[in-house]
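Please open the model in your viewer and keep the selection tool at hand. The tour below goes from stop to stop, saying at each one what to select and what is there.

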Amino acid sequence: MKTGWFVIAVVLAAAPHAEAQRFVRQTETIDYTLTVEGQSPQQTTAWWKAFLQKNTREDYCFDLPTMPVVDRPELGDKAVVLKMGGVGQLVQLIEIPPGGQTRWHGYGWEGESLFYVLSGRGETEYKSPGGLPPNKYTWKKNSLFAIPVDHTMQHRNLDKTQPLRMVAFTGYAVNLYPYVTEELRSGKENPAENAEERARTLSRTTYPGHFVDDLREHPVAMREARGNKTAFFNMMATAGHRTHPNVHISELTGEQAFAHKHGNQPMFIILKGGGYDIWSAAANLQAFQADVKAGLAHKRDYTTGTICGVPAGPHWHQHFSREKEPLRYLAVVPRGAYEEKATSQD
(Lines give C-alpha, C1' and ligand atoms only; values in the text may rest on other atoms or scores of the structure.)
Protein backbone atom coordinates (compact mmCIF):
# COMPACT_ATOMS: atom_id res chain seq x y z
CA MET A 1 0.00 0.00 0.00
CA LYS A 2 1.38 3.35 -0.99
CA THR A 3 1.82 6.00 1.64
CA GLY A 4 1.40 9.71 0.98
CA TRP A 5 3.54 12.40 2.51
CA PHE A 6 3.91 16.11 2.72
CA VAL A 7 6.56 18.09 4.59
CA ILE A 8 5.34 20.83 6.92
CA ALA A 9 7.93 23.55 7.37
CA VAL A 10 7.37 25.73 10.45
CA VAL A 11 9.35 28.96 10.47
CA LEU A 12 10.36 30.01 13.95
CA ALA A 13 9.86 33.68 14.71
CA ALA A 14 12.40 36.01 16.20
CA ALA A 15 11.87 37.16 19.76
CA PRO A 16 10.59 40.71 20.26
CA HIS A 17 13.08 43.36 21.28
CA ALA A 18 13.47 43.90 25.01
CA GLU A 19 15.59 46.29 27.01
CA ALA A 20 19.29 45.33 26.83
CA GLN A 21 18.40 42.16 24.99
CA ARG A 22 20.42 41.21 21.91
CA PHE A 23 18.96 38.90 19.34
CA VAL A 24 19.52 37.51 15.86
CA ARG A 25 16.95 36.96 13.16
CA GLN A 26 15.88 33.35 13.28
CA THR A 27 15.52 31.39 10.04
CA GLU A 28 15.41 27.83 11.40
CA THR A 29 12.63 25.49 10.30
CA ILE A 30 11.30 22.20 11.62
CA ASP A 31 9.88 19.73 9.14
CA TYR A 32 7.08 17.25 9.85
CA THR A 33 6.23 14.51 7.36
CA LEU A 34 2.56 13.62 7.13
CA THR A 35 1.84 10.08 5.91
CA VAL A 36 -1.59 8.76 4.94
CA GLU A 37 -2.26 5.14 4.09
CA GLY A 38 -3.77 4.57 0.67
CA GLN A 39 -2.60 7.88 -0.76
CA SER A 40 0.29 8.55 -3.09
CA PRO A 41 2.74 11.36 -2.27
CA GLN A 42 1.20 13.46 -5.02
CA GLN A 43 -2.32 13.00 -3.69
CA THR A 44 -1.34 13.97 -0.15
CA THR A 45 0.67 16.98 -1.29
CA ALA A 46 -2.23 18.29 -3.37
CA TRP A 47 -4.83 18.39 -0.60
CA TRP A 48 -2.65 18.99 2.48
CA LYS A 49 -0.76 22.00 1.17
CA ALA A 50 -4.03 23.64 0.14
CA PHE A 51 -5.58 22.81 3.51
CA LEU A 52 -2.74 24.48 5.43
CA GLN A 53 -2.92 27.60 3.31
CA LYS A 54 -6.68 28.04 3.61
CA ASN A 55 -7.43 26.74 7.09
CA THR A 56 -4.76 28.08 9.44
CA ARG A 57 -6.07 30.51 12.06
CA GLU A 58 -3.82 32.89 14.02
CA ASP A 59 -4.66 34.53 17.35
CA TYR A 60 -3.71 34.56 21.03
CA CYS A 61 -6.82 32.60 22.13
CA PHE A 62 -9.49 30.38 20.55
CA ASP A 63 -12.82 29.07 21.89
CA LEU A 64 -12.39 25.39 21.00
CA PRO A 65 -15.96 24.08 21.62
CA THR A 66 -17.55 26.58 19.22
CA MET A 67 -14.77 27.17 16.71
CA PRO A 68 -15.79 26.26 13.13
CA VAL A 69 -13.90 23.36 11.56
CA VAL A 70 -13.49 22.41 7.90
CA ASP A 71 -14.25 19.08 6.21
CA ARG A 72 -11.13 17.02 5.60
CA PRO A 73 -12.38 13.97 3.67
CA GLU A 74 -8.84 12.90 2.85
CA LEU A 75 -8.43 11.99 6.55
CA GLY A 76 -12.06 11.35 7.43
CA ASP A 77 -12.45 14.24 9.87
CA LYS A 78 -12.87 18.02 10.14
CA ALA A 79 -10.11 20.32 11.38
CA VAL A 80 -8.41 23.69 11.51
CA VAL A 81 -4.77 24.51 12.21
CA LEU A 82 -4.06 26.92 15.09
CA LYS A 83 -1.03 29.17 14.76
CA MET A 84 -0.24 30.22 18.29
CA GLY A 85 2.05 29.71 21.24
CA GLY A 86 4.63 27.09 20.40
CA VAL A 87 5.41 27.92 16.80
CA GLY A 88 7.67 24.89 16.58
CA GLN A 89 4.62 22.64 16.79
CA LEU A 90 1.69 21.81 14.55
CA VAL A 91 -1.47 22.49 16.60
CA GLN A 92 -4.80 21.22 15.24
CA LEU A 93 -8.40 21.23 16.40
CA ILE A 94 -9.91 17.97 15.14
CA GLU A 95 -13.55 16.83 14.97
CA ILE A 96 -14.64 13.28 14.09
CA PRO A 97 -18.28 12.69 13.08
CA PRO A 98 -20.58 10.31 14.99
CA GLY A 99 -19.41 6.73 14.51
CA GLY A 100 -16.63 7.94 12.22
CA GLN A 101 -12.94 7.23 12.07
CA THR A 102 -9.83 8.75 10.53
CA ARG A 103 -7.54 7.12 8.01
CA TRP A 104 -4.32 5.62 9.32
CA HIS A 105 -1.77 8.43 9.38
CA GLY A 106 1.40 9.62 11.12
CA TYR A 107 4.10 12.31 11.25
CA GLY A 108 7.43 10.47 11.05
CA TRP A 109 10.40 10.70 13.39
CA GLU A 110 9.95 14.40 14.14
CA GLY A 111 6.24 14.14 14.84
CA GLU A 112 5.24 12.82 18.23
CA SER A 113 1.63 13.80 18.93
CA LEU A 114 -0.05 14.75 22.21
CA PHE A 115 -3.87 14.75 22.32
CA TYR A 116 -6.36 16.35 24.70
CA VAL A 117 -10.01 15.27 24.32
CA LEU A 118 -12.42 18.20 24.51
CA SER A 119 -15.65 16.23 24.11
CA GLY A 120 -16.92 12.78 23.24
CA ARG A 121 -15.46 9.33 23.69
CA GLY A 122 -13.46 7.11 21.41
CA GLU A 123 -10.32 5.08 20.89
CA THR A 124 -6.98 5.49 19.15
CA GLU A 125 -5.10 2.53 17.76
CA TYR A 126 -1.42 3.00 16.91
CA LYS A 127 1.34 0.84 15.47
CA SER A 128 5.03 1.01 14.64
CA PRO A 129 6.49 0.49 11.17
CA GLY A 130 8.46 -2.52 12.44
CA GLY A 131 5.50 -4.86 12.44
CA LEU A 132 4.97 -5.08 16.21
CA PRO A 133 1.40 -5.68 17.44
CA PRO A 134 -0.67 -2.48 17.59
CA ASN A 135 -1.62 -0.77 20.84
CA LYS A 136 -4.80 1.09 21.71
CA TYR A 137 -6.05 3.84 24.01
CA THR A 138 -9.72 4.08 24.93
CA TRP A 139 -10.48 7.62 26.04
CA LYS A 140 -13.20 10.10 26.96
CA LYS A 141 -13.72 13.81 27.54
CA ASN A 142 -10.74 15.36 29.40
CA SER A 143 -8.36 12.47 28.64
CA LEU A 144 -4.73 13.16 27.66
CA PHE A 145 -2.50 10.76 25.71
CA ALA A 146 0.64 10.67 23.56
CA ILE A 147 1.54 8.64 20.48
CA PRO A 148 5.21 7.64 19.95
CA VAL A 149 7.24 9.11 17.12
CA ASP A 150 7.35 7.23 13.81
CA HIS A 151 4.02 5.51 14.57
CA THR A 152 0.83 5.63 12.54
CA MET A 153 -2.56 6.03 14.21
CA GLN A 154 -6.29 5.85 13.65
CA HIS A 155 -8.86 7.68 15.79
CA ARG A 156 -12.41 6.30 16.14
CA ASN A 157 -15.54 7.95 17.52
CA LEU A 158 -17.36 5.36 19.63
CA ASP A 159 -20.48 7.51 19.96
CA LYS A 160 -22.87 7.02 17.03
CA THR A 161 -24.94 10.12 17.88
CA GLN A 162 -22.45 12.87 18.78
CA PRO A 163 -19.26 14.23 17.17
CA LEU A 164 -16.08 14.41 19.23
CA ARG A 165 -13.40 17.06 19.41
CA MET A 166 -9.73 16.86 20.37
CA VAL A 167 -6.66 19.08 20.22
CA ALA A 168 -3.45 17.66 18.76
CA PHE A 169 0.00 19.10 19.54
CA THR A 170 2.38 17.51 17.06
CA GLY A 171 6.11 18.07 16.81
CA TYR A 172 9.52 17.55 18.28
CA ALA A 173 8.69 20.55 20.43
CA VAL A 174 12.03 22.34 20.33
CA ASN A 175 11.45 26.05 19.80
CA LEU A 176 14.65 27.72 18.62
CA TYR A 177 15.10 31.29 19.80
CA PRO A 178 17.54 34.06 18.98
CA TYR A 179 20.05 35.04 21.63
CA VAL A 180 18.41 35.94 24.92
CA THR A 181 20.53 36.63 27.98
CA GLU A 182 19.98 34.01 30.65
CA GLU A 183 18.63 36.46 33.22
CA LEU A 184 15.88 37.49 30.77
CA ARG A 185 14.70 33.97 30.00
CA SER A 186 12.82 33.36 33.22
CA GLY A 187 11.49 35.32 36.16
CA LYS A 188 9.31 34.89 39.23
CA GLU A 189 7.36 37.39 41.28
CA ASN A 190 7.72 35.21 44.38
CA PRO A 191 11.38 34.75 45.47
CA ALA A 192 10.41 31.41 47.05
CA GLU A 193 9.99 29.97 43.56
CA ASN A 194 13.57 28.84 42.97
CA ALA A 195 15.41 25.85 41.53
CA GLU A 196 15.19 23.91 44.80
CA GLU A 197 11.44 24.51 45.08
CA ARG A 198 10.90 23.44 41.47
CA ALA A 199 12.92 20.26 41.93
CA ARG A 200 10.92 19.46 45.06
CA THR A 201 7.65 20.07 43.21
CA LEU A 202 8.66 17.85 40.29
CA SER A 203 9.77 15.05 42.60
CA ARG A 204 6.38 14.78 44.28
CA THR A 205 3.96 15.72 41.51
CA THR A 206 5.29 14.07 38.32
CA TYR A 207 3.13 11.21 37.10
CA PRO A 208 4.60 8.66 34.66
CA GLY A 209 2.85 7.15 31.69
CA HIS A 210 1.52 8.16 28.31
CA PHE A 211 -2.18 8.30 29.24
CA VAL A 212 -4.18 10.33 31.79
CA ASP A 213 -7.86 9.39 32.10
CA ASP A 214 -9.39 12.68 33.30
CA LEU A 215 -7.48 15.94 33.76
CA ARG A 216 -10.42 17.69 35.45
CA GLU A 217 -10.46 15.16 38.28
CA HIS A 218 -6.75 14.32 38.45
CA PRO A 219 -5.17 15.00 41.87
CA VAL A 220 -2.97 18.08 42.22
CA ALA A 221 -0.45 19.01 44.92
CA MET A 222 -0.04 22.37 46.59
CA ARG A 223 2.65 24.66 45.18
CA GLU A 224 2.73 27.66 47.50
CA ALA A 225 5.52 29.42 45.62
CA ARG A 226 3.35 29.80 42.50
CA GLY A 227 0.01 30.25 44.28
CA ASN A 228 -1.58 27.15 42.81
CA LYS A 229 -1.82 23.38 42.91
CA THR A 230 -0.13 21.37 40.19
CA ALA A 231 0.65 18.00 38.66
CA PHE A 232 3.32 17.32 36.04
CA PHE A 233 3.17 14.49 33.49
CA ASN A 234 6.07 12.64 31.93
CA MET A 235 4.58 12.05 28.49
CA MET A 236 7.73 10.54 26.99
CA ALA A 237 6.44 8.08 24.42
CA THR A 238 9.71 6.70 23.05
CA ALA A 239 13.06 6.10 24.73
CA GLY A 240 15.29 9.07 24.03
CA HIS A 241 12.48 11.34 22.85
CA ARG A 242 11.18 13.72 25.50
CA THR A 243 8.96 15.53 23.09
CA HIS A 244 6.64 16.91 25.76
CA PRO A 245 8.76 17.22 28.93
CA ASN A 246 6.79 20.12 30.43
CA VAL A 247 3.16 19.09 30.36
CA HIS A 248 1.26 19.91 33.51
CA ILE A 249 -2.05 20.95 34.99
CA SER A 250 -2.38 23.81 37.44
CA GLU A 251 -5.28 24.95 39.60
CA LEU A 252 -5.36 28.37 41.22
CA THR A 253 -5.92 28.43 44.96
CA GLY A 254 -7.11 32.04 44.99
CA GLU A 255 -8.01 34.81 42.61
CA GLN A 256 -4.58 34.97 40.97
CA ALA A 257 -1.26 33.20 40.60
CA PHE A 258 2.10 34.92 41.02
CA ALA A 259 3.43 36.61 37.88
CA HIS A 260 6.16 34.68 36.13
CA LYS A 261 7.88 34.11 32.81
CA HIS A 262 9.78 31.23 31.31
CA GLY A 263 11.47 30.41 28.05
CA ASN A 264 9.66 28.92 25.07
CA GLN A 265 6.05 29.64 24.17
CA PRO A 266 3.57 28.01 26.55
CA MET A 267 0.08 27.06 25.43
CA PHE A 268 -2.72 26.31 27.88
CA ILE A 269 -6.28 24.98 27.72
CA ILE A 270 -8.81 25.95 30.39
CA LEU A 271 -10.15 22.71 31.93
CA LYS A 272 -12.62 24.32 34.33
CA GLY A 273 -13.47 27.74 35.67
CA GLY A 274 -12.75 30.99 33.89
CA GLY A 275 -10.83 34.22 34.15
CA TYR A 276 -8.19 36.07 32.17
CA ASP A 277 -4.47 36.37 31.47
CA ILE A 278 -2.27 39.42 31.19
CA TRP A 279 1.18 39.46 29.58
CA SER A 280 3.86 41.93 28.60
CA ALA A 281 7.22 41.97 26.82
CA ALA A 282 8.67 43.97 29.73
CA ALA A 283 12.28 43.09 30.54
CA ASN A 284 11.76 42.79 34.31
CA LEU A 285 9.10 42.42 36.96
CA GLN A 286 8.99 46.10 37.82
CA ALA A 287 8.41 47.05 34.18
CA PHE A 288 5.72 44.39 33.90
CA GLN A 289 3.92 45.72 36.96
CA ALA A 290 4.18 49.25 35.55
CA ASP A 291 2.68 48.08 32.24
CA VAL A 292 -0.21 46.45 34.09
CA LYS A 293 -0.85 49.57 36.19
CA ALA A 294 -0.77 51.79 33.11
CA GLY A 295 -3.07 49.50 31.15
CA LEU A 296 -0.35 48.71 28.60
CA ALA A 297 -0.23 44.95 29.18
CA HIS A 298 -2.16 42.60 26.90
CA LYS A 299 -5.26 41.00 28.39
CA ARG A 300 -7.45 38.13 27.17
CA ASP A 301 -10.50 36.58 28.82
CA TYR A 302 -11.06 32.84 28.77
CA THR A 303 -13.49 30.20 29.93
CA THR A 304 -13.70 26.40 29.97
CA GLY A 305 -12.56 25.11 26.59
CA THR A 306 -10.46 28.14 25.63
CA ILE A 307 -6.90 27.64 24.39
CA CYS A 308 -4.38 30.48 24.65
CA GLY A 309 -0.73 30.92 23.72
CA VAL A 310 1.74 33.25 25.39
CA PRO A 311 3.84 34.98 22.70
CA ALA A 312 7.58 34.45 22.30
CA GLY A 313 9.81 36.73 24.27
CA PRO A 314 9.90 35.31 26.88
CA HIS A 315 6.93 37.29 28.19
CA TRP A 316 5.91 38.00 31.75
CA HIS A 317 2.38 36.69 32.30
CA GLN A 318 -0.13 36.11 35.08
CA HIS A 319 -3.27 34.00 35.45
CA PHE A 320 -6.45 35.29 37.14
CA SER A 321 -9.60 33.45 38.22
CA ARG A 322 -12.99 35.14 38.50
CA GLU A 323 -15.48 32.31 38.96
CA LYS A 324 -16.52 30.32 42.01
CA GLU A 325 -15.14 27.13 40.51
CA PRO A 326 -11.31 27.05 40.82
CA LEU A 327 -9.50 27.84 37.58
CA ARG A 328 -7.69 24.73 36.28
CA TYR A 329 -5.73 24.56 33.03
CA LEU A 330 -3.55 22.19 31.01
CA ALA A 331 -0.20 23.72 30.01
CA VAL A 332 2.01 22.47 27.18
CA VAL A 333 5.43 24.14 27.27
CA PRO A 334 7.74 23.12 24.41
CA ARG A 335 11.42 22.76 25.04
CA GLY A 336 13.60 25.72 24.11
CA ALA A 337 16.97 25.98 22.42
CA TYR A 338 18.73 29.35 22.42
CA GLU A 339 21.52 30.66 20.27
CA GLU A 340 24.65 30.87 22.43
CA LYS A 341 26.02 33.89 20.60
CA ALA A 342 24.48 36.84 18.82
CA THR A 343 25.59 37.50 15.26
CA SER A 344 23.94 40.91 15.10
CA GLN A 345 22.51 43.47 17.44
CA ASP A 346 19.38 45.60 16.97
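Select Glu58 together with Lys83, its bridge partner in strand 6. Glu58 brings you to strand 3 (residues 56–58), which pairs with strand 6 in the parallel sense over three bridges; strands, like helices, are DSSP runs numbered from the N terminus (E, at least two residues, for a strand; H or I, at least four, for a helix), and two strands pair if DSSP finds at least two bridges between them. This is a predicted model, in which local features need pLDDT of at least 70 and side-chain atom pairs count only at pLDDT 80 or more, while totals for chains, interfaces and linings use all residues. Residues are numbered from 1 along each chain as its sequence is written, and side-chain values use heavy atoms, with hydrogens and water left out.

Now select the whole of strand 6 (residues 77–83), where five of the seven residues are buried, so that the strand is largely enclosed by the rest of the structure. Buried here means under 20% relative accessible area and exposed means over 50%, with partly exposed in between (1.4 Å probe, protein chains only).

Add strand 5 (residues 70–72), which pairs with strand 6 in the antiparallel sense over three bridges, and find Val70 standing opposite Ala79 in strand 6. The hairpin of strand 5 and strand 6 has four residues between the strands, and in this hairpin Gly76 takes a positive phi near 80°. Then add strand 7 (residues 90–96), whose pairing with strand 6 is antiparallel and runs over five bridges; here Val80 has Leu93 of strand 7 as its bridge partner.

Which two cysteines should you select for the disulfide? They are Cys61 and Cys308, with sulfur atoms 2.1 Å apart, and a disulfide is counted when a pair of cysteine sulfur atoms lies within 2.5 Å. Cys61 belongs to strand 4 (residues 61–63) and Cys308 to strand 26 (residues 306–309), so the pair ties together parts that are 247 residues apart in sequence. The link of Cys61 and Cys308 is right-handed, with 110° about the S-S bond, and both cysteines are buried. A search of the whole structure finds one disulfide.

Move next to helix 3 (residues 195–205), and colour its buried residues, Glu197, Thr201 and Thr205. Seen down the axis of helix 3, these buried residues fall within an arc of 40° and so line one face of the helix; the arc is that of the directions from the helix axis to the C-beta atoms. Turn to the other side of helix 3, where Ala195, Glu196 and Ser203 are exposed. The cover over the buried residues of helix 3 includes strand 17 (206–207), strand 19 (221–223) and strand 20 (228–233), with contact meaning heavy atoms within 4.5 Å.

The last residue to select is His260, which lies in strand 22 (residues 260–261). At 1% relative accessibility, His260 counts as buried, and its side chain reaches the backbone oxygen of Phe258 at 2.9 Å. Leaving aside neighbours within four places in sequence, His260 is in contact with Gly187, Lys188, Arg226, His315, Trp316, His317 and His319.

Finally, zoom out to the protein as a whole, which has four helices and 29 strands. Buried residues make up 55% of its 346 residues, and of the contacts with a separation of 6 or more, 77% are accounted for by residues 24 or more positions apart.

Technical notes. A polar contact is a pair of N or O atoms within 3.5 Å; within protein, one must be able to donate a hydrogen and the other to accept it, and residues adjacent in sequence count only if both atoms are side-chain atoms.
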